[in-house]
Amino acid sequence: MSLMLCFCGSASMFSACCQPYIAGQATIGNCEQLMRSRYSAYCHHEITYIYNTYHPSVRPINSLSAIEEFANSVHFTKLTVLSSEQTTSDGYVCFNVMYIQNNLLCEFTERSRFVFDTTWLYIDGVLADKPPIKIGRNDFCPCNSGKKFKQCFTHQLSGN
């Protein structure tokens, strides 16, 4: 097991936070845990987990190949959970995500909707994108490596 902080920003070790959910060794207890584990799964390229945590009604419009293509085209750098609310049957999590794609720093805020039907599942969300920011060659890399962007060829994992 890896000795690194979890991608989701919880300040817990990945092996004790999201990894057990992704590996099927623990059961999701609430919609925020599911959202955090899905973010970590994107960072760790666990495509099947992401697909399986979609509600069956929306899986046809979220193919494994489309999920994989997006996950492989970005480098997630930060997750901030803004709010979380749930009842016994549904819930919402509002969060902000930052990622690097094609030398651009991208950011969006989403209010995700989840339902509980024997387990928590993601249904959909309302996104608000911010305009992407071009990362200059001499800017420090947003992955927090401490290197200039031009020298940061392999970004650190989001949880480091």
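In what follows, Ala, Val, Leu, Ile, Met, Phe, Trp, Tyr, Cys and Pro count as nonpolar, Asp, Glu, Lys and Arg as charged, and the others, Gly among them, as polar. By that scheme, the lining of the second largest pocket has eight nonpolar, six polar and no charged residues. This is a predicted model, so local features need pLDDT of at least 70 and side-chain atom pairs count only at pLDDT 80 or more, while totals for chains, interfaces and linings use all residues. Residues are numbered from 1 along each chain as its sequence is written, and side-chain values use heavy atoms, with hydrogens and water left out.

**Confidence**

- The average pLDDT (the predictor's confidence in each residue, from 0 to 100) is 90 for the protein, and 94% of the residues score at least 70.
- Watch residues 156–160: the pLDDT there is below 50, yet beyond near neighbours in sequence the stretch has 17 contacts in the model. Contact here means heavy atoms within 4.5 Å.

**Pockets**

- First, the terms: on a 1 Å grid over the protein atoms alone, a cavity is a set of points where a 1.4 Å probe fits but cannot get out, and a pocket is an open set with protein on both sides within 12 Å along at least five of seven lines; lining residues have an atom within 4 Å of a point. Grid points are joined across faces, edges and corners, and a volume is the space filled by probe spheres set on the points.
- The largest pocket holds about 410 Å³ of space. It has 21 lining residues, and Arg38, Tyr42, Phe70, Phe108 and Glu110 are the closest to its centre.
- Two or more residues of that lining come from each of α2 (31–44), α4 (64–73), β2 (90–101), β3 (104–116) and β4 (120–134). Helices (H or I, at least four residues) and strands (E, at least two) are DSSP runs, numbered from the N terminus.
- Sorted by class, the lining of the largest pocket comes out as 16 nonpolar, two polar and three charged residues.
- The second largest pocket offers about 170 Å³. Its lining counts 14 residues, with Tyr21, Ile28, Tyr49, Thr53 and Thr119 nearest the centre.
- For this second largest pocket, α1 (19–22), α3 (47–52) and β4 are the elements that give two or more lining residues, and α3 gives the most, with three.

**Salt bridges**

- The whole structure has four salt bridges, each being a side-chain nitrogen of Lys or Arg within 4 Å of a carboxyl oxygen of Asp or Glu.
- One of them joins the side chains of Arg111 and Glu85, at 3.7 Å from N to O. Arg111 sits in strand β3 and Glu85 in strand β1 (residues 75–86), so the pair ties together parts that are 26 residues apart in sequence.
- Both ends of that bridge are partly exposed, Arg111 at 37% relative accessibility and Glu85 at 44%. The cut-offs are under 20% relative accessible area for buried, over 50% for exposed, and partly exposed in between (1.4 Å probe, protein chains only).
- Lys130 pairs with Glu107, with the closest N and O atoms 3.5 Å apart. This pair links distant parts of the chain, Lys130 being in strand β4 and Glu107 in strand β3, 23 residues apart.
- Lys130 is partly exposed at 47% relative accessibility, whereas Glu107 counts as buried at 18%.
- Asp124 bridges to Arg113, and here the closest N and O atoms are 2.9 Å apart. Asp124 belongs to strand β4 and Arg113 to strand β3, 11 residues apart.
- Asp124 is partly exposed at 34%, and so is Arg113 at 30%.

**Gly125 on strand β4**

- Gly125 is found in strand β4 and is partly exposed, at 30% relative accessibility.
- Leaving aside neighbours within four places in sequence, Gly125 touches Glu110, Arg111, Ser112 and Arg113.

**Loops**

- Thr88, in the loop between β1 and β2, counts as exposed at 73% relative accessibility. Its C-alpha is 9.2 Å from that of Asn30, with their positions 58 residues apart in sequence.
- His45 has a positive phi, near 60 degrees, though it is not a glycine. His45 lies in the loop between α2 and α3 and is partly exposed at 36%.
- Asn103, also not a glycine, has a positive phi of about 60 degrees. Asn103 lies in the loop between β2 and β3 and is partly exposed, with a relative accessible area of 38%.
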